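Got your viewer open? Let's walk through this model one selection at a time.

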Amino acid sequence: MAKAAHNHGNLIMLKGLRYLLIIFVLWVGLSGCSRPYYTETCLMMGTFAKITCQDQEAIGAAFKEMSRVDAIADNFDSSSEISRLNKTGKLKASGDMMDLVKNSLKYYELTNGAFDITVGPVVDVWKQKIEEARGNKIQALLPSPADIDAKLRLIGSEKISVDETTSVITFNQPGMEIDLGGIAKGYAVDKAVERLKTLGVTSALVDLGGTIYCLGRKGNKKWRIAIRDPRHNDRILHPLELENRAVATSGDYEQFFMVKGKRYSHIIDPKTGYPVNNGVISVTIIADSAIAADVMSTAGVVLGKEKAESLAEGMNEIVEIKILREKDLL
């Protein structure tokens with residue numbers, strides 16, 4: 001485990017499979033709380049969104065913020081901004097879409113390409129093989145090196161141009177596409193928290209598919225979050241107590257496929273075009289923002305233990321990084 005001295009804070013998954021989750025909230029009774037807490041849940045971004053606070057109207061307003069982000073980043077909606085950009089290679093973007101892409105480019109640079117929203121074409125190759133195997137009820141087949149190499153030519157966020165003056169995003173190479181699944185949940189959670197704060201909420205928990213932000217305290221105690229052992233779901237690996245912090249976990253075990261007895265992660269290394277295979281089972285990030293926790297937990301899996309810890313040490317947003325490797329369980 002590495003920790004940045006109070007440092008505050010892809011790899012992209014197969015589409016629709018971006019969240020892990022082994023994180024859950026330890027709900028405890030509150031003694032001495034004068035106002036009750038309300039919890040509401042809805043489906044969003046292919047997962048569950050849950051908000052807990054003492055103001056039911058504020059919960060609705062926060063859900064609207066997340067829903068707006070969902071509408072922008074939905075690859076399955078042909079009218080969404082991301083779908084229109086992927087179809088035409090150019091888009092006059094909204095403020096939120098610009099923020100999502102600009103943040104993606106920032107983390108692409110910070111992680112030396114480990115987080116890359118352009119990896120979608122390679123992901124599609126792997127996804128097609130997996131779906132073919134399911135349809136024929138056979139074991140998945142690996143894509144050919146030629147298939148991977150052909151798509152790797154389309155990968156690289158440096159091929160995206162952003163004009164902040166005109167708010168136009170442009171792909172510099174035909175055939176490119178992006179997937180915001182590795183960053184949109186964190187961005188949506190942060191937007192929801194911002195909205196809660198403007199409405200005067202000082203105590204809340206926002207959870208979108210396991211990307212969590214703990215605002216203030218619950219009663220007189222910090223929010224209690226637990227991370228399960230990835231190989232034994234009945235066991236708690238890391239109990240956490242958080243206040244004004246975000247947490248997210250990514251790893252190799254929630255979504256994977258087998259070929260000839262070998263486990264392949266659903267997390268693709270954008271540089272090689274192949275699933276990550278560095279012995280890392282999971283990466284948990286505690287950060288000042290949900291977007292940092294979301295992105296860096298997945299980037300950490302691609303980077304591997306040493307590089308991820310070294311990078312985290314230099315990032316002010318990251319408070320703590322916890323990395324579990326296969327050999328740690330031996």
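What follows is a tour of a predicted model, with a look at confidence and then stops at the sheets and helices.

**Stop 1: colour by confidence**

Start with pLDDT colouring. The protein averages a pLDDT of 86, and 82% of the residues score at least 70. Now select residues 1-24: pLDDT stays under 50 there, although the model has 125 contacts beyond four places in sequence for this stretch. Residues 26-32 also have a pLDDT below 50, with twelve contacts in the model beyond near neighbours in sequence. Where pLDDT is low, the predicted coordinates should not be read in detail. You may want to fade both stretches before moving on.

**Stop 2: the seven-stranded sheet**

In what order do the strands of the open sheet of seven run? Going across, you pass β2-β3-β7-β8-β11-β14-β15, and the pairing is antiparallel. The edges are β2 (38-44) and β15 (318-325), each of which pairs on one side only. From one strand to the next, the twist averages 10°.

Zoom in on β11 (residues 245-251) and β14 (residues 280-287), an antiparallel pair joined by six bridges. Click on Ala-248 and look across: its bridge partner in β14 is Ile-285. While you're here, show the side chains. In a regular strand they alternate between the two faces of the sheet.

**Stop 3: helices on that sheet**

Select α1 (residues 56-73). This helix lies across β2, β3 (47-53) and β7 (204-208), and runs at about 20° to β2. Then jump to α8 (residues 305-313), which lies across β14 and β15 at about 175° to β15.

**Stop 4: α1 against α6**

Keep α1 on screen and add α6 (residues 184-198). Two packed helices are described by the angle between their axes and the distance between the axes. Here α1 and α6 pack at about 150°, with their axes 8 Å apart. The cut-off for roughly antiparallel is over 145 degrees, so α1 is roughly antiparallel to α6. The crossing is right-handed.

Which residues of α1 and α6 meet? Show sticks for Ala-58, Ile-59, Ala-61, Ala-62, Glu-65, Met-66, Arg-68, Val-69 and Ala-73 in α1, then for Ala-184, Tyr-187, Ala-188, Lys-191, Ala-192, Arg-195 and Leu-196 in α6. By class, this contact has twelve nonpolar, no polar and four charged residues.

**Stop 5: α6 against α7**

Stay with α6 and bring in α7 (residues 290-303): the two pack at about 165°, with axes 7 Å apart. That makes α6 and α7 roughly antiparallel to each other, and their crossing is right-handed. For the contact, pick Ala-184, Lys-185, Gly-186, Tyr-187, Val-189 and Asp-190 in α6, and Ala-290, Ile-291 and Asp-294 in α7. The class count is five nonpolar, one polar and three charged residues. Look again at Ala-184 and Tyr-187: both meet α7, and both also meet α1.

**Stop 6: the three-stranded sheet**

Next, find the other open sheet, three strands in the order β4-β6-β5 with antiparallel pairing. Its edge strands are β4 (90-92) and β5, each pairing on one side only. The twist averages 10° from one strand to the next.

Select β5 (residues 160-163) and β6 (residues 168-171), which pair in the antiparallel sense over four bridges. In their hairpin, four residues sit between the strands, and Ser-167 takes a positive phi near 60°. Now centre on Val-168 in β6. Asp-163 stands opposite Val-168, while Lys-92 has Val-168 as its bridge partner too. The antiparallel pair β4 and β6 is joined by three bridges.

**Stop 7: helices on the small sheet, and back to α1**

Turn on α2 (residues 81-88), which lies across β4 and β6 and runs at about 140° to β4. Then add α3 (residues 95-110), lying across β4, β5 and β6 at about 130° to β5.

How do α1 and α3 pack? Their angle is about 70° and their axes are 10 Å apart, which makes α1 roughly perpendicular to α3. Finish by selecting Arg-68, Val-69 and Ile-72 of α1 with Asp-96, Met-97 and Leu-100 of α3, the residues that make the contact. This contact has four nonpolar, no polar and two charged residues.

Technical notes: Residues numbered from 1 in each chain as written. Predicted model: local features only at pLDDT ≥ 70, side-chain atom pairs only at ≥ 80, totals over all residues. Heavy atoms only, no water. Axes fitted to C-alpha atoms, helices over the stretch in contact; angles between N-to-C directions. Parallel < 35°, antiparallel > 145°, perpendicular 65-115°, else oblique. Left-handed = near helix turned anticlockwise from the far one by under 90°. Contact = heavy atoms within 4.5 Å. Nonpolar A, V, L, I, M, F, W, Y, C, P; charged D, E, K, R; others polar. Pairing = 2+ DSSP bridges. pLDDT = per-residue confidence, 0-100.
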